[in-house]
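This report works through a set of strands, a pocket and some aromatic contacts, taking each in turn. Please keep the sequence and the model in view while reading.

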Amino acid sequence: MATSQHPPPLEILVRGSEGFSIWNGPPFIENQPTPNKLEKVASTSTKFSEDGSILLVTKSETVTIYECRDFRDIKSFEVPNLLAAALSPSGTYLQTFQKSSTPQERNVVLWKVATGDFVYSQFQKNMTKVSWPAIRFSSDETVACRMATNEIQFFDAKDFSKGVIHRLRVPGVTAIELSRTPGTHIAAFVPESKGVPASVQIFACGDSQTQPIARRSFFRCSTVQLNWNNGSTGLLIVVHADVDKTNQSYYGESKLNYLTTDGVHEGLVPLRKEGPVHDVQWSQSGSEFAVVYGFMPARATVFDKKCKPLLELGEGPYNTVRWNPKGKFLCLAGFGNLPGDMAFWDYKEKKQLGTTKAECSVTSEWSPDGRYFMTATTAPRLQVDNGIKIFHYNGTLYYKKMFDKLFQADWKPELPDKFGEIDLLVKSVESLNIDQKKTQGQGSKVSQTSQKTAPSNPPVQKPAAYRPPHAKNAAAIQAELLGEGPKETLSKNALRNKKKREKQKEKKAGEAASTANDV
């Protein structure tokens, strides 16, 4: 593994109501991030290229491209009626989607970022999550293709002026996924129709290839999620049906299938608990994958590429799995409609490192060096309690910041090979924390005494449980109905007044009795 002698610094993109800023990433100086060369730049959306070399910024109908070494803008594009924009993995091409006024208008345009020239255009009726970006690239940008009606069209990724150089006939295709590292294979999904089951087929990317090298068919399939591993040898397929015929789930049912390009494995992944497949992710090596599955409490298991279980991660309120870029640490989490529990695991040592919570998190991801884990609560998904939390690899909280409005928080992508071995990185962080504690401890005797008398982290009081208004006097009413005295604790003033009233009652009763005796 080639490792840079001086690894790049971590950087974080934060976009709020006033625009986006680039922060220097952890470890922070004096425990606070500092803005980089860009601060509060107005924008409506931002996106890094896959390799982190280019930053795309859109504002209204203007697309600005920034070079990420020193974050200077290198090109701007004016695109009327802009609806979406995307970068190729290495930032060579910009792809834009415009609202079309006529069916003849070519509203998908591919631009060369370096020159600003458009190199290809086509018409696309609408844009969905499945169909965008319209032109797909492999990670090294050696293969480019697009999905058309009943076929997949391939281009020369270095010269789009040649047009379509190869067509792969796939009747009924509605979704494709190009393997990314390397781009040697492509998966195509064909939904069920007229009694014919749905299928996922794998083709080799080449001029002469017309027959699938692997195929998997299944009934009761509405949508699929296709996940290639690094190395392009295995494909995980999450098959989802809108209706669960067993009536066990209101949200339908899902199954996890596995296909290999060498044809050795084709079938279901043997999951040991009934229920939906919540999340699945390959490790960086592409040799193992982690799955969160089953009815709550969900179960998590790590499998090898032969679908043999390697490690059981237990059960809990989880629906998310994140594998760090170095393949050593795992985070299991329960986000969305779950309370935000997180469990951090050391996969190599096969032990749990710690647990914590990050309530109401919308996004979550490991840092490129694999040492930190960031969660963010963002709008418009959630309009309150927006903020960022950064955790150490073992789940201890490192940094937290709240925002009035936060729309986006992303790590700047970097290749994992640019950083050292994860064990050495972890030791460097631990030694840095020890040095910081020593520095903070070298204060005056007065400050040391105050630290002893006042704890740095006072215990947080647990909030009282909510009681509706009609239930506040329920205990007293129930006691009266049962003939018991109300169990209540009075303040000193209330107790003093109560005793006065009782004495006055006794005095009046005594006066009434003496009057009766006189009569």
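## An open sheet of four strands

Four strands, in the order β23-β24-β25-β26, make up an open sheet whose pairing is antiparallel. Its edges are formed by β23 and by β26 (309-316), each of which pairs on one side only, and from one strand to the next the twist averages 15°. The model described here and in the sections below is predicted.

Within this sheet, β23 and β24 (residues 288-293) run antiparallel and are joined by five bridges. One of the residue pairs can be named: V277 has Y293, in β24, as its bridge partner.

## The strands β19, β20 and β21

β19 and β20 pair in the antiparallel sense, over six bridges, and L226 has I237 in β20 as its bridge partner. The hairpin that these two strands form has five residues between them, and in it G231 adopts a positive phi near 110°.

β20 also pairs with β21, to which it is joined by eight bridges, and these two strands likewise run antiparallel. Here A241 stands opposite E253, which belongs to β21. How many of the eight residues of β20 are buried? Seven of them are, so β20 is largely enclosed by the rest of the structure.

## The second largest pocket

The strands just described return in the lining of the second largest pocket, which has a volume of about 520 Å³. Of the 20 residues that line this pocket, H240, Y251, P276, V277 and H278 are the closest to its centre. V277 is thus a residue that lines the pocket and that also has a bridge partner, Y293, in β24.

Which strands each supply at least two residues of the lining? They are β19 (223-228), β20 (234-241), β21 (253-260) and β23 (277-282), and β19 gives the most, with three residues. By class, the lining consists of nine nonpolar residues, 10 polar residues and one charged residue. The contribution of β23 comes from an edge strand of the open sheet, whereas that of β20 comes from a strand with seven of its eight residues buried.

## Aromatic pairs and a cluster

Across the whole structure, a search finds 25 aromatic pairs. One of them joins Y120 and F155, whose rings are 4.9 Å apart centre to centre, with 65° between the planes, an edge-to-face arrangement. Because Y120 lies in strand β10 (residues 118-122) and F155 in strand β13 (residues 151-155), the pair ties together parts that are 35 residues apart in sequence. Both partners are removed from the surface by the criterion of burial, which is a relative accessible area under 20%: Y120 is buried at 14%, and F155 is buried at 3%.

A further pair is formed by Y372 and Y398, whose ring centres are 5.6 Å apart and whose planes stand at 50°, so this pair is tilted. It links distant parts of the chain, with Y372 in strand β32 (residues 372-377) and Y398 in strand β34 (residues 397-403), 26 residues apart. Y372 counts as buried at 1% relative accessibility, and Y398 counts as buried at 16%. Y372 and Y398 also belong to one aromatic cluster, together with W23, F28, Y399 and F403.

Notes:
Residues are numbered from 1 along each chain as its sequence is written. This is a predicted model: local features need pLDDT of at least 70, side-chain atom pairs count only at pLDDT 80 or more; totals for chains, interfaces and linings use all residues. Side-chain values use heavy atoms; hydrogens and water are left out. On a 1 Å grid over the protein atoms alone, a cavity is a set of points where a 1.4 Å probe fits but cannot get out, and a pocket is an open set with protein on both sides within 12 Å along at least five of seven lines; lining residues have an atom within 4 Å of a point. Grid points are joined across faces, edges and corners, and a volume is the space filled by probe spheres set on the points. Ala, Val, Leu, Ile, Met, Phe, Trp, Tyr, Cys and Pro count as nonpolar, Asp, Glu, Lys and Arg as charged, and the others, Gly among them, as polar. Buried means under 20% relative accessible area, exposed over 50%, partly exposed in between (1.4 Å probe, protein chains only). Two strands pair if DSSP finds at least two bridges between them. Axes are lines fitted to C-alpha atoms, for helices over the stretch in contact, and angles run from 0 to 180 degrees between N-to-C directions. Rings of Phe, Tyr and Trp (its six-membered ring) pair if their centres lie within 6.5 Å; planes under 30 degrees apart count as stacked, over 60 as edge-to-face and the rest as tilted.
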